[in-house]
Amino acid sequence: MVIKDLNVKGSSSGIKIGTKVKNIRALALAIRTWQVERDREREIEALLREASRALAAAEKSEGDARIHELDHAVVARSRLVSLRPRHPRAAEFEKAIARLR
């Protein structure tokens, strides 16, 4: 029995809570898909924190220290865009980086 709603790749409907699973392969695929999505979301959250921290540090810094922090922010933003191209915070980070340069 499924204890969490799971999306099934290539299917218009997922597996709902309480469903008795007859096809173990579909369940395994749904679990793997969920794990990949969960890991991606965690990585995105970490990148958002990293870019925010780097920008905050860059605002308080000058010279080489500022450039170093801006480089960290650029890398975090680039990785964020590669994982989620239209993430709303990516544009905010880009503007902040340009402003601080």
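**Reasoning through a three-helix model**

Trainee: In this predicted model, E59 has a relative accessible area of 45%. Why is E59 called partly exposed?

Mentor: Partly exposed covers values between 20% and 50%. At 45%, E59 falls in that range, so the label fits.

Trainee: What makes the contact of R99 with E59 a salt bridge?

Mentor: The closest N and O atoms of R99 and E59 are 3.1 Å apart. The limit is 4 Å between a side-chain nitrogen of Lys or Arg and a carboxyl oxygen of Asp or Glu, so this pair qualifies. The pair links distant parts of the chain, with R99 in helix α3 and E59 in helix α1, 40 residues apart.

Trainee: Why does R99 count as exposed?

Mentor: Its relative accessibility is 55%. Exposed starts over 50%, so R99 earns that word.

Trainee: How do you know that E41 and R84 meet in a salt bridge?

Mentor: The N to O distance between their side chains is 2.4 Å. That is within 4 Å, so the pair counts. Here too distant parts of the chain are linked: E41 sits in helix α1 (residues 24-60), while R84 lies in the loop between α2 (63-83) and α3 (88-100), 43 residues away.

Trainee: Are E41 and R84 buried, partly exposed or exposed?

Mentor: E41 has a relative accessible area of 32%, and R84 has 28%. Buried requires under 20% and exposed over 50%, so both residues are partly exposed.

Trainee: And what makes R38 and D39 a salt bridge?

Mentor: Their side chains come to 3.3 Å, N to O, and the cut-off is 4 Å, so they pass. R38, at 29% relative accessibility, is partly exposed, as is D39 with a relative accessible area of 40%.

Trainee: How many salt bridges does the structure hold?

Mentor: There are seven, including the ones we have just discussed.

Trainee: Let's turn to the helices. Why are α2 and α3 called roughly antiparallel?

Mentor: Two packed helices are described by the angle between their axes and the distance between the axes. For α2 and α3 the angle is about 160° and the axes are 10 Å apart. Over 145 degrees counts as roughly antiparallel, so the name follows. As for handedness, α2 passes α3 in a left-handed crossing.

Trainee: Which residues of α2 and α3 meet?

Mentor: From α2 come R66, L70, A73, V74, R77, L80 and V81, and from α3 come A90, F93, E94, I97 and L100. They divide into nine nonpolar, no polar and three charged residues.

Trainee: What makes three of them charged?

Mentor: Arg and Glu are among the residue types that count as charged, so R66, R77 and E94 belong to that group.

Trainee: Where is E45, and why is it called partly exposed?

Mentor: E45 is in helix α1. Its relative accessibility of 44% lies between 20% and 50%, so partly exposed is the right term. The C-alpha atoms of E45 and L80 are separated by 9.1 Å, although the two residues are 35 residues apart along the chain.

Trainee: Which pattern does the chain follow along the sequence?

Mentor: The pattern is α-α-α, with three helices and zero strands. Of the 101 residues, 29% count as buried. Among contacts with a separation of 6 or more, residues 24 or more positions apart account for 45%.

Methods: Residues are numbered from 1 along each chain as its sequence is written. This is a predicted model: local features need pLDDT of at least 70, side-chain atom pairs count only at pLDDT 80 or more; totals for chains, interfaces and linings use all residues. Side-chain values use heavy atoms; hydrogens and water are left out. Buried means under 20% relative accessible area, exposed over 50%, partly exposed in between (1.4 Å probe, protein chains only). Helices (H or I, at least four residues) and strands (E, at least two) are DSSP runs, numbered from the N terminus. Axes are lines fitted to C-alpha atoms, for helices over the stretch in contact, and angles run from 0 to 180 degrees between N-to-C directions. Angles under 35 degrees count as roughly parallel, over 145 as roughly antiparallel, 65 to 115 as roughly perpendicular and the rest as oblique. A crossing is left-handed if the near helix is turned anticlockwise from the far one by less than a right angle, and right-handed if clockwise. Contact means heavy atoms within 4.5 Å.
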